[in-house]
Every structure is written in C-alpha cells, then in structure tokens.
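User: I'm new to this structure and would like a close look at one part of it. Could you walk me through strand 2 of chain B and then show me what lies around it?

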Amino acid sequence: MIRLDKVSRSFTVGDQQVTALRDIDLNIAAGDYVSIMGPSGSGKSTLLNLIGLLDRPSSGIYKLDGGNVTDLDDAQQAKVRSEKIGFVFQSFHLVPRLTAAMNIELPLILAGIPVTERKVRVEALLENYGLTDRADHRPDQLSGGQRQRVAIARATSMHPAVLLADEPTGNLDQATGREVISLLEQLTEQHVTLILVTHDPALGGRAKRQLHMVDGQIVSQTAS
Amino acid sequence: MLFPDLIRLTASSFLAYRMRSLLTGSGIAIGITAVILLTSIGEGLHQFVLSEFSQFGTNLIAIQPGKTQTQGGNVGIFGSSRPLSIEDAQALRHLPNIEHVNPSMQGNAEVRANGKTRRTTVYGAGHDFTKTFTLNVQSGSFLPDDDPTQARAFVVLGSKVRQELYAGQNPLGSYLSVGGQRYRVVGVMEPKGQILGFDMDDTVFIPAARALELFNRPGLMEIQVNYQAGADLDGVVRAITALLKERHGREDFTLIPQEKALEVLGSVLDVITFAVGALGGISLLVGGVGILTIMTMAVSERTAEIGLLRALGAREKQVLMLFLGEAILLSALGGLAGLLLGIGIAQGLHALIPALPVHTPWLFAVLAEFVAISIGLAAGVLPARRAARLDPVEALRTE
C-alpha cells in the first residue's frame with residue numbers, strides 16, 4: 001500500500017540545512033495499524049505529512065497504491081489526498097463557523113459530489129458516530145470528544161484507504177481519548193490503513209506494528 | 001466543487017463576520033451611491049437641456065447674417081455682410097424639401113391697451129411661425145398669410161401679455177399699441193412657459209417687416225427653416241447655401257442646423273456626466289482598499305483553515321476561488337446596496353426638488369454593479385493568491 005524508498009526530507013532554516021528525515025525505507029500493507037512514536041523533533045509529523053502528500057520528499061521515492069506519487073503537481077496531489085487519504089488532527093481543525101454536518105460534508109463538497117449523494121453519506125456518518133442530534137451544532141457547542149468524532153467522520157467521508165492521525169487524543173481526557181482510539185481501531189477492521197503518530201507509549205503500544213523514530217530515522221520496529 | 005457550494009461557503013464566512021462584512025461592503029456601497037447619484041443628476045440635466053433645445057423639433061436650421069470665421073483684415077466696403085432680408089426668406093420657401101420658413105426679428109417695446117402699459121418682447125415673425133416651431137394658437141388665429149413686405153398691422157398676444165392687459169376680457173378684435181403704432185389683435189397663443197430664459201408668454205408677435213421698421217433695422221436677426229423629416233440634411237444645407245450665395249454674391253451668412261448643435265451639446269454633456277461619475281469613482285477606489293485590507297486579514301486569521309482545506313483535498317485553485325468569491329460577494333452586495341441607495345436618494349431628491357431633473361439609465365446601473373464586482377475581484381486577487389500558495393504543512397501548524 002505505502003512504500004517509501006530511501007526517502008529524505010531536509011529544510012533550510014536560515015543558512016543551515018536541517019534534515020528531518022534520513023533515508024527512510026518503509027513498507028505498510030493495506031489494512032495495517034501502525035503507530036509512529038518518538039520524542040518531539042524526531043520527524044514523525046514530517047513523515048506523516050509526507051505520507052499524506054502535504055509535503056514532498058527531498059530525495060527518494062514514494063509509492064502509494066502501486067503508483068509513484070513522488071513528483072505529483074498540486075492538482076494531482078490534491079486529488080490523491082481527496083480520494084485516498086483522511087486526516088485526523090490533535091486540535092480537531094474544525095471550521096468554527098460551519099455546523100457539524102457541514103464540517104463532515106467539506107471533503108465531499110471539495111470533491112464535487114452531487115448534493116443528493118452527499119446528504120445520504122453525511123446522514124449515515126452522523127448516525128454512525130452518534131452525532132445525529134448534534135448535526136446543526138457549531139464546533140464551539142460541542143464537547144472535545146464530539147469534536148474529534150466529527151473530525152473522524154469527516155476524515156472517513158470519502159472512504160479513504162489511509163487514515164493519518166496526528167496525536168488524535170492529545171487534547172482529550174483519558175476516557176474520551178480511549179473512546180476516540182477505539183473508533184479509529186474499528187476502522188482498521190474495515191481494511192483502512194491507520195497510521196497513528198503519538199508520543200504516548202501506552203497508546204502506541206496498541207498498534208499491531210510500532211515504529212520508533214529518533215533524529216529522522218526509524219531506529220526500531222516492534223510488532224505485537 | 002459545485003457552484004452553489006462555492007456560494008454557500010463564501011456566504012458562511014460573510015455571515016460569521018457580519019459586522020466586519022457590513023462595514024467593508026458599505027465602503028463599496030458609498031462609492032456606488034456617489035457614482036449613481038452624481039450620474040443620475042448629470043444624466044437628468046443632460047436630458048433636460050436636450051429636451052429644452054429640441055422641443056421645437058430637430059428638423060430646424062437657423063440662418064444668421066455674417067460668417068462666423070476669422071478672415072484677413074478690413075476689406076472696406078466688401079467686408080461688410082449683406083443683411084438677411086424678408087425676400088431671402090421668401091426665396092427659401094421654394095427650395096425642395098423645405099416645409100416652412102420663418103423670418104425673425106426680436107426686440108423690446110412698450111405695449112399699451114386698456115390704459116395699461118407693459119414692456120415686453122416684440123417678436124417679428126412670418127405666417128408660418130407656429131408651424132416652424134410647432135406652437136399652438138389658443139384663440140383666434142396667427143398672423144395671416146399677407147405679402148410679407150406689405151403685412152397688415154395685426155398682432156398675436158402671448159398668454160401672459162393677454163392676462164396682464166386684458167384680464168377677464170376677450171382681446172380678439174380690439175386694438176393694441178406697440179411702440180406707439182396701432183395693431184389689431186387677431187389671436188392669443190397657448191401658454192408655453194420659459195425656454196432657456198426667454199419667456200414665450202410675455203411676448204407679442206407682429207409681422208416681421210413691421211418689426212424691422214419698428215426697431216429701425218436693415219435686416220432680419222435670423223431665418224428659421226423647417227425641412228422635411230427624413231430629408232438629407234447635407235443636401236438641404238447645400239441647397240440653402242447655393243441659393244443665398246447666388247442672392248448675396250458670396251457666403252456672408254451662417255447655417256446652424258439644430259441636429260448638429262444638439263450633437264455637439266450632447267457630447268459636451270456626456271463629458272460632464274462622465275467626469276462627475278469619475279469623481280464618485282474615487283470613493284469606489286477607497287472601498288476597494290477596504291476589501292483588500294479585510295481579505296488580507298481574513299487570510300492570516302484563517303491560515304489553519306486553509307491548511308485544513310488543503311489536507312481535505314482542496315486544490316490551490318479551489319482555495320483561490322473561495323477567497324476570491326468572498327471578495328466578490330462583499331463588493332457585489334455592497335454594490336447592490338449602493339445601487340438601491342443611489343437610486344433612492346436620486347428619486348427622493350427629485351421628489352423634494354421637482355425642478356432638479358434626475359434620470360438613472362439602466363446601462364449606468366449595470367455598469368456600476370459591474371465596476372463594483374471588478375473592484376472586488378481586483379482587491380481579492382492578491383490575498384486569495386497568498387492563501388492559495390500557503391504551504392499546507394505550515395498553515396496547519398498555526399493555531
């Protein structure tokens with residue numbers, strides 16, 4: 001599903017070259033549940049953004065679903081993101097002025113899905129995530145757990161093959177965090193590839209496959 | 001992204017920042033109001049002046065003595081132009097396409113009747129005066145078709161003169177003294193009002209030959225010619241010029257076709273309307289700067305949202321369209337409000353001061369709205385492009 005071949009990513013900060021990722025070789029199969037752990041600055045977010053096609057590698061080759069996506073232009077990248085990738089963020093990233101239903105609808109709107117089909121999909125998602133009676137609420141009228149549920153519903157609205165979650169429980173209390181994680185884990189049962197970035201070993205330990213990163217390199221892999 | 005969704009999304013941010021949107025939109029609204037109000041007054045004035053000039057019909061040619069052009073020095077006896085005579089006017093009647101000819105002479109004299117005296121305009125005219133200028137006689141008839149050089153001493157009264165001298169009486173058949181000479185009243189004109197400062201009602205009309213005599217003038221002030229509608233103006237002008245040249249030996253007269261004069265006047269008034277509109281345009285420019293400011297702020301405030309949209313699969317172009325759409329929506333709504341306000345104020349002014357003519361042509365209204373939208377587009381391009389080109393990773397990181 002995901003195949004990284006000697007992928008590096010470096011940034012120029014001032015007149016200094018900073019390497020965030022160093023020769024990463026990584027293979028992730030469809031339906032895998034992978035956690036990426038490591039201290040802050042170890043490059044785990046950069047790796048996630050790269051996999052999510054929000055960023056481009058400085059060198060190396062990235063293949064997604066068999067196709068080379070290393071050098072796509074903006075429109076092509078956006079199309080892949082729209083069709084194959086879902087994002088869940090630590091700070092939810094809901095649009096504050098839109099209702100829960102419309103936030104969930106956003107990826108469908110951007111992809112130009114017809115209104116009638118959108119309505120059906122959004123209603124099903126609201127139902128699935130127990131948000132039906134919150135459909136017309138704005139994000140500031142929702143609890144943290146509800147907000148992250150809206151974000152997960154939004155991330156899955158286009159039926160992506162890969163779900164990328166960056167510290168999805170970072171802004172939630174323990175109980176709500178567990179609830180959100182179990183929602184994400186349920187998705188892996190539907191053959192969605194889940195990649196979870198966290199610095200919480202307890203959370204990362206739940207994944208079938210765990211990557212540990214330090215200084216832009218994968219230093220160890222464990223499978224459970 | 002479907003078009004209705006673009007509208008829905010841009011409208012949502014418009015509604016989320018109501019106060020700010022209202023203030024920014026009002027910048028454009030004030031500009032459009034100014035443009036519409038000023039051009040409405042300009043255009044109203046335009047139409048008013050043109051209708052004043054063309055109420056006698058546009059098929060008129062005025063012939064005046066003397067050639068209006070500068071030539072060499074004094075050439076003695078040959079330099080003086082011959083006056084236009086009543087015979088000249090008579091001769092013009094026989095030209096093709098000419099419908100009516102009126103010799104005219106104007107002056108000021110004392111009229112007396114019923115023991116009352118009034119100083120009024122005395123207008124020397126021919127039998128065809130009313131037909132030349134499409135005027136109507138209220139009672140009696142206009143001056144009879146006498147031999148113009150030997151015309152009888154008849155007079156036609158303007159309605160105001162009649163009112164002043166013959167209040168409540170029938171003036172027809174009575175005698176009136178004009179500059180000390182006795183005239184018999186044969187008709188009264190319909191009230192006409194003032195035309196460019198000349199009160200048609202405070203006037204008495206006598207035969208042109210008698211007016212020349214009264215004011216002791218050698219020639220007419222003007223001959224007015226009314227040609228057939230649809231006739232070739234240049235041909236008519238050529239024919240008149242040829243005839244008068246033959247009679248005078250050279251071109252010592254000037255032809256002023258009403259149509260040409262109206263064209264010149266129209267173009268002058270157009271320039272005035274345009275200049276006044278451009279003045280209002282300056283406030284539009286200020287409104288545009290307001291939109292630019294607010295959109296720049298919106299982009300920096302909503303950086304995280306832009307990053308999110310990109311993560312959800314938005315292309316650069318879609319982000320561009322969303323922000324451009326907001327700028328255009330702001331200016332289009334502002335423009336619409338300004339349009340309504342401008343037309344409303346113009347009509348209100350007209351209701352308060354009926355003498356002030358206003359007219360808002362549809363074309364101006366459409367053009368103004370188009371200008372408003374263009375300003376929104378121009379002001380939105382820079383911030384929208386900045387939004388589209390943000391690095392999604394950086395954008396997502398901002399809170």
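Analyst: Here is a walk along that strand, followed by a look at the rest of its chain and at the other chain.

One thing to keep in mind from the start is that this is a predicted model. For the model as a whole, the scores are ipTM 0.94 and pTM 0.74. Chain B has a mean pLDDT of 88, and 96% of its residues reach 70 or more.

So, to the strand. Strand 2 of chain B covers residues 98-113. One of its partners is strand 3 (residues 116-125) of chain B, and the two pair in the antiparallel sense over 9 bridges. Within that pairing, B:Gln106 faces B:Tyr123 of strand 3. Strands 2 and 3 of chain B form a hairpin with 2 residues between the strands, and here B:Asn114 has a positive phi near 55 degrees.

Strand 11 (residues 222-227) of chain B is another partner, again antiparallel, with 6 bridges to strand 2. If you want a spot to find by eye, look for B:His100, which stands opposite B:Asn226 in strand 11 of chain B. Then there's strand 6 (residues 175-178) of chain B, which runs antiparallel to strand 2 and is joined to it by 2 bridges. Look there for B:Arg112, whose bridge partner in strand 6 of chain B is B:Ser177.

Now step back to the chain. The domain assignment splits chain B into domain 1 (3-52 + 263-397) and domain 2 (82-251). The C-alpha centres of these two domains of chain B are 56 Å apart. Confidence varies along the way: among the elements of chain B, strand 8 (residues 194-195) has the lowest mean pLDDT, 73, while helix 9 (residues 303-311) has the highest, 95. Over residues 73-77 of chain B, pLDDT stays under 50, and the model has 1 contact beyond four places in sequence for them. Where pLDDT is low, the predicted coordinates should not be read in detail.

What about the nonpolar cores? The largest one has 117 residues, and A:Leu163 and B:Phe323 touch the most other members. Helix 10 (residues 316-352) of chain B gives this core its largest share, 13 residues. Another core, of 48 residues, lies apart from it, and its members include B:Leu84, B:Val122, B:Val178 and B:Val188. Back at B:Phe323, the contacts beyond four places in sequence are B:Met295, B:Val299, B:Gly380, B:Pro383, B:Ala384 and B:Ala387.

Finally, here's where the two chains meet: 21 residues of chain A are in contact with 21 residues of chain B. On the chain A side, the elements that give two or more residues are helix 2 (74-84) and helix 3 (100-110), and helix 2 of chain A provides the largest share, 5 residues. By type, that side of chain A divides into 11 nonpolar, 6 polar and 4 charged residues.

A:Leu106 is a good residue to finish on. A:Leu106 sits in helix 3 of chain A. Leaving aside neighbours within four places in sequence, A:Leu106 is in contact with A:Arg154 and, across the chains, B:Leu312. A:Leu106 counts as buried because 21 other C-beta atoms lie within 10 Å, and the cut-off for that label is 20 or more. As for A:Leu187, 81 residues apart from A:Leu106 along the chain, the two C-alpha atoms are separated by 20 Å.

Methods:
Residues numbered from 1 in each chain as written. Chains lettered and ligands numbered in written order. Predicted model: local features only at pLDDT ≥ 70, side-chain atom pairs only at ≥ 80, totals over all residues. Core = buried A, V, L, I, M, F, W, Y, C linked by C-beta atoms within 7 Å. Buried ≥ 20, exposed ≤ 12 C-beta atoms within 10 Å, placed from the backbone. Helix = DSSP H or I, 4+ residues; strand = E, 2+ residues; numbered from the N terminus. Contact = placed C-beta atoms within 7 Å. Nonpolar A, V, L, I, M, F, W, Y, C, P; charged D, E, K, R; others polar. Pairing = 2+ DSSP bridges. Domains from an automatic or database assignment. pLDDT = per-residue confidence, 0-100.
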